[in-house]
Every structure is written in C-alpha cells, then in structure tokens.
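This report looks at one sheet in a protein model, at its arrangement and at its surroundings.

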Amino acid sequence: MTNLKIGVILANLGTPDSPSPKDISRYLWQFLTDPRVVDLPRCKWYPLLKAIILPLRSKRVAKNYRSIWTEQGSPLMVFTEQQKQGLIDFFRQQQLDVEIEIGMTYGNPSMPSAVQKLMDKKVEHIIVLPLYPQYSSSTTGAVFDSFAEALKQQRGIVPFDFIHSYPLNQNYISALIDSCKARLKADEFLLFSFHGIPLRYENTGDYYRTHCQQTAAAVAQGLGLNEKQWGLTFQSRFGKEEWLQPYTDEFLSNAAAQGIKKVAVICPGFAVDCLETLEEIAEENKDYFISNGGESYQYIPALNASPAHIETLGRLVINQMAKMKCNNCSSPNIAIIPTITVPTSNNLSSRCH
C-alpha cells in the first residue's frame, strides 16, 4: 500500500493521573481553560474557575473517579492502552510498518509526547486518529488544536493526515449493531446517549447533532427497530446555559411514566468506557430510572478493545493510507471501505419516545 513508515496517534480526551482531588484539579484546569470547551471571556471565567468551581468540583469528581478506578489505573487509559496493543497486532498481521502512540488532549500521555515519540522513531508520515466517531468542535476540534500546538515544537514536520470523523463507517456501525444484538432484549427500549454540547455551539456552526443522529439511525435501522423502540438523548451537561436536548437524565427520570419500563443504554460516541459511561450512565442514570418506576436497566459497554473495534480503527487507518497512495500515483485500484448512507429525519433531534 505504501513504503513509508507510518506513525498513528490514537487521540482521546484524557484522564487525571490519579483519583486524588489535586490531580483532578490539575486535569480539570487544563480541560476547562481550553476555549474549545468553555469559550467565556478569560477575565471572567478564570477567577470563577480557580476560586469556586475547581475547589468544589474536584472533590466531587474525585469521589466519582474513585468508584470506577482500577488497579491498573483509569479505565479510559487502560482501554486505550489495550486498543494500542490491539492495533500493533493488527498492523503486524497486515505486514504494515506502523508505529502507534497515544496522545491525550488533556493530561498524560500528552499530544506533544506522542508526536515526539513518533519523530524519534523516524516515521515519515503521521495519521492522527481522534477517537470521536462524531465530529464536534469541542472534541475533534480540540484534538486538532493540540496536534497543531505539538507541531510547533518540531523543526522538521513530516507530512500528516487527520481522520476527521466516521459516524457512518460500515465497520463501526456493524460493530455497534453486533454489540447490541448480543445484549439487547426484545422488550427493552434502546436509548442512544451522546455527550452533549451547548446549544450555542450548534447555532454557531457545530454539526455534532447531525452526526449523532446519523449513527443512531443507522444502528436502529440495522437492528430493525421502529421509532417507538429507540430514542436519542444527550448527557453530561454542566453550567446554566441550554445544551442539546433531550437530556439523558430527564428522559430516564420520566421514561417509566411514559410507559417505558425496561431500558438499555448505549453511548456510541465514547470509544472507550470512562467516567461518563461507567459512573454517570451505568450508575447515576440507572438510579434516576429505577427510582422513578423503571423495572430493568442495562448499560451496553463501549466497543473498547473488542476485535470488531480494533478492526474498525485499523481499517480507518488503512483507508487513509490508501488515499495517500492514490494521491501519489495514478492507480485506481485501491479499495476504500464504504460508509453507509442513511437519510436523516428532521425530527430526530427532538425525538423523545
């Protein structure tokens, strides 16, 4: 496919070094001072963040992290390391010369460290793979910013590519469908919960909601679900301004009253399980549902380092390598894995069954 030595950066949000309030405060400062995440004027936001929000939030978040922390460390980091090893094995089987490094937007291992490690390994081309199937300025955009900042530290920049998004990638959709088929019961309502963003971001150009709708619709279609058997919501909001709706916690609190007694929740926007899935969805939102009349509740895990997910990520990189080959020769015989095209209904964004 290519004779170049390729370096791949698996990019994700990041995680604190430990569940201690001190490490969490350090991590949250880096996260919440990124204008991609919070774009309030610094002169107003920084004093509020430092004096009030971090001292209070760090202690509460520390408790939540402790509830999911493992002997190996943060679940997000543990699963991402497993993905790295899975991809190393995948490319070895494909007999491709590919180096893999992890680069977090916030925390460690950092994006600059990932770039430096690849440069030390003498890679000739870098492919950045943000582990966000659906584009958002606050996630994928932040990865791009972080990567660009890391390049400023390099005198000799090698060519690079950036995998923008893959909400309808065939391997990805098939992996989600198979995961649901293995766990979803016939009488369960399937709820797709995606991380939210402020509505203001959408109003100024972020098309994240559309990508979420496309993914959910494709999976529901593949499962043969009708419109009364599934729904789409958004989680993890904070602050007082309006975020994308319907809100996951409000939906689950009211679901039983609407006749939905059994629920399975899947979070397709998360490439690995983390605080927002293992604590917020699997524990906190389960309590909302059960305490308000729900009868049964299950969280369908993220794809993590499953063979189907490793195949998905590996093929995304191979597709990008094939495009590199096409750009440098006239050969039309490179096979690119297709994506599924699903019409998006205008009422999906407000659907709350």
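The text below describes the sheet, then one of its edge strands, and then the helices beside the sheet.

The model is a predicted one. It contains an open sheet of four strands, ordered β6-β5-β7-β8, in which the pairing is parallel. Strands β6 and β8 (296–300) form the edges, since each of them pairs on one side only. On average, neighbouring strands of this sheet are turned by 25 degrees against each other, with direction ignored.

Strand β6 pairs with strand β5 (residues 189–195) in the parallel sense, and the pairing extends over six bridges. Two of the bridge partners are L191 with G231 of β6 and F192 with L232 of β6.

Is β6, as an edge strand, enclosed or open to the outside? Six of the six residues of β6 (residues 230–235) are buried, that is, under 20% relative accessible area, so the strand is largely enclosed by the rest of the structure. The residues W230, L232 and F234 point one way from β6, whereas G231, T233 and Q235 point the other way, and all are buried.

Two helices that lie against these strands are set out in the table.

| Helix | Residues | Strands contacted | Direction |
|---|---|---|---|
| α6 | 170–183 | β5, β7 (262–266) and β8 | about 150 degrees to β8 |
| α9 | 248–255 | β5, β6, β7 and β8 | about 160 degrees with β5 |

Helix α6 thus lies across β5, β7 and β8, while helix α9 packs on the sheet and touches β6 as well as β5, β7 and β8.

Key. Residues numbered from 1 in each chain as written. Predicted model: local features only at pLDDT ≥ 70, side-chain atom pairs only at ≥ 80, totals over all residues. Heavy atoms only, no water. Buried < 20%, exposed > 50% of the residue type's maximum accessible area, 1.4 Å probe, protein only. Pairing = 2+ DSSP bridges. Axes fitted to C-alpha atoms, helices over the stretch in contact; angles between N-to-C directions. Contact = heavy atoms within 4.5 Å.
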